[in-house]
Amino acid sequence: MTNAEPPAPPPSHWIERHLPLVNTSRTMLDLAAGRGRHVALGLDRGYRVTALDRDVTGLSRFAANPDATVVAADLETADAPWVLGARTFDVVVVTNYLWRPLFPDLLATVAPGGLLLYETFALGQEALGRPRNPDFLLHRNELLDRVRPTLDVVAFEDLVDPEPQPAVRQRIVARRRAPVDAPI
Ligand SMILES: C[S@@+](CC[C@H](N)C(=O)[O-])C[C@H]1O[C@@H](n2cnc3c(N)ncnc32)[C@H](O)[C@@H]1O
């Protein structure tokens, strides 16, 4: 028996596929990073990655990496100021996490020209497995409605994903337009 952390699951295909849309690998935020599957992906692609979670035990393998910053913070503390202040990132990744009050701060964290890559469960999932709490399940088209006032939508899906097991997922890639910018 060892106390070694179990290996992180593989990265999401959605995140892996769309990460190259940012053609200059600079800074990435992984919010509610868990065991850091997308932290590892970002580091591998040349990003400097900030990984935030309330439980950072699964992120200890990045402690010695000069390109990784691990932040322990509870994102759901009522009335607490946004933990990252005015910092912005070229890519903001959120997977399998939803806390609706964060959306304004989350969207503001995407740098001009940067991308939001978001993927999590949606209503209907409660019939297939966890999570079942509607607070953690997106409404139909909710990610579209949340981002559209401030970001340009690049790609969106809202479907029953058959892999790795059937799950109702919603996914978006959205971009903050830079002052002088062409569409992707
Ligand atoms: C289902 S896991 C997803 C982890 C990772 N994003 C992934 O897809 O592999 C949800 C993560 O959200 C984190 N989390 C839950 N509530 C949180 C909170 N209030 N503040 C910060 N992180 C939280 C958990 O610690 C956990 O790592």
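Proline 131 is found in the loop between strand E5 and helix H4 (142–147). In this predicted model, the peptide bond that runs from arginine 130 to proline 131 is cis, and its omega is near -5°. A cis peptide bond also joins glutamate 163 and proline 164, with omega at about -10°. Proline 164 belongs to the loop between strand E6 (152–161) and strand E7. Another backbone feature concerns aspartate 79, which is not a glycine but has a positive phi of about 65°. Aspartate 79 is placed in the loop between strand E3 (68–72) and strand E4 (89–95).

**The ligand**

The ligand has 13 residues around it, and those that come nearest are Ala32, Arg37, Asp53, Asp74 and Thr95. By class, this shell is made up of five nonpolar, three polar and five charged residues.

Which part of alanine 32 lies 2.7 Å from a nitrogen atom of the ligand? The atom in question is a backbone N or O atom of alanine 32. Arginine 37 takes part through its side chain, where an N or O atom is 2.7 Å from an oxygen atom of the ligand. For glutamate 76, a polar side-chain atom lies 3.3 Å from a nitrogen atom of the ligand. The ligand taken alone exposes 590 Å², and 78% of that is buried by the protein.

**The pockets**

Where does the ligand sit? The space that the ligand takes is the largest pocket. This pocket holds about 650 Å³ of space. Its lining consists of 23 residues, and Ala32, Asp53, Thr95, Asn96 and Tyr97 are the ones that lie nearest the centre. Helix H2 (37–44) and strand E5 (110–121) are the elements that give two or more residues to the lining of the largest pocket.

The second largest pocket has a volume of about 470 Å³. A set of 23 residues lines the second largest pocket, with Ser12, Arg37, Glu163, Pro164 and Arg169 nearest its centre. Two or more residues of that lining come from each of helix H1 (13–18), strand E5 and strand E7 (167–175). Pro164, one of the residues nearest the centre of the second largest pocket, is also the proline in the cis bond with glutamate 163. Arg37 is likewise named among the residues nearest the centre of the second largest pocket, and the side chain of arginine 37 has the 2.7 Å approach to an oxygen atom of the ligand.

The table sets out the classes of residue in each lining.

| Space | Nonpolar | Polar | Charged |
|---|---|---|---|
| Largest pocket | ten residues | six residues | seven residues |
| Second largest pocket | nine residues | six residues | eight residues |
| Largest cavity | eight residues | no residues | no residues |

**The cavity**

Rolling a probe the size of a water molecule over the atoms shows where empty space is left. How many cavities of 30 Å³ or more are there? The count comes to one. The largest cavity has a volume of about 40 Å³. Leu31, Val94, Tyr97, Trp99, Leu102, Phe103, Leu106 and Tyr118 line the largest cavity. The lining of the largest cavity has eight nonpolar residues, with no polar and no charged ones. Tyr97 appears in this lining and is also one of the residues nearest the centre of the largest pocket.

Conventions:
Residues are numbered from 1 along each chain as its sequence is written. This is a predicted model: local features need pLDDT of at least 70, side-chain atom pairs count only at pLDDT 80 or more; totals for chains, interfaces and linings use all residues. Side-chain values use heavy atoms; hydrogens and water are left out. A residue is near a molecule or strand if one of its heavy atoms lies within 4 Å of it. A polar contact is a pair of N or O atoms within 3.5 Å; within protein, one must be able to donate a hydrogen and the other to accept it, and residues adjacent in sequence count only if both atoms are side-chain atoms. Accessible areas come from the Shrake-Rupley method with a 1.4 Å probe; for residues, only the protein chains shown count as cover. On a 1 Å grid over the protein atoms alone, a cavity is a set of points where a 1.4 Å probe fits but cannot get out, and a pocket is an open set with protein on both sides within 12 Å along at least five of seven lines; lining residues have an atom within 4 Å of a point. A molecule sits in a cavity or pocket if more than half of its atoms lie within 2 Å of its grid points. Ala, Val, Leu, Ile, Met, Phe, Trp, Tyr, Cys and Pro count as nonpolar, Asp, Glu, Lys and Arg as charged, and the others, Gly among them, as polar. Grid points are joined across faces, edges and corners, and a volume is the space filled by probe spheres set on the points. Helices (H or I, at least four residues) and strands (E, at least two) are DSSP runs, numbered from the N terminus.
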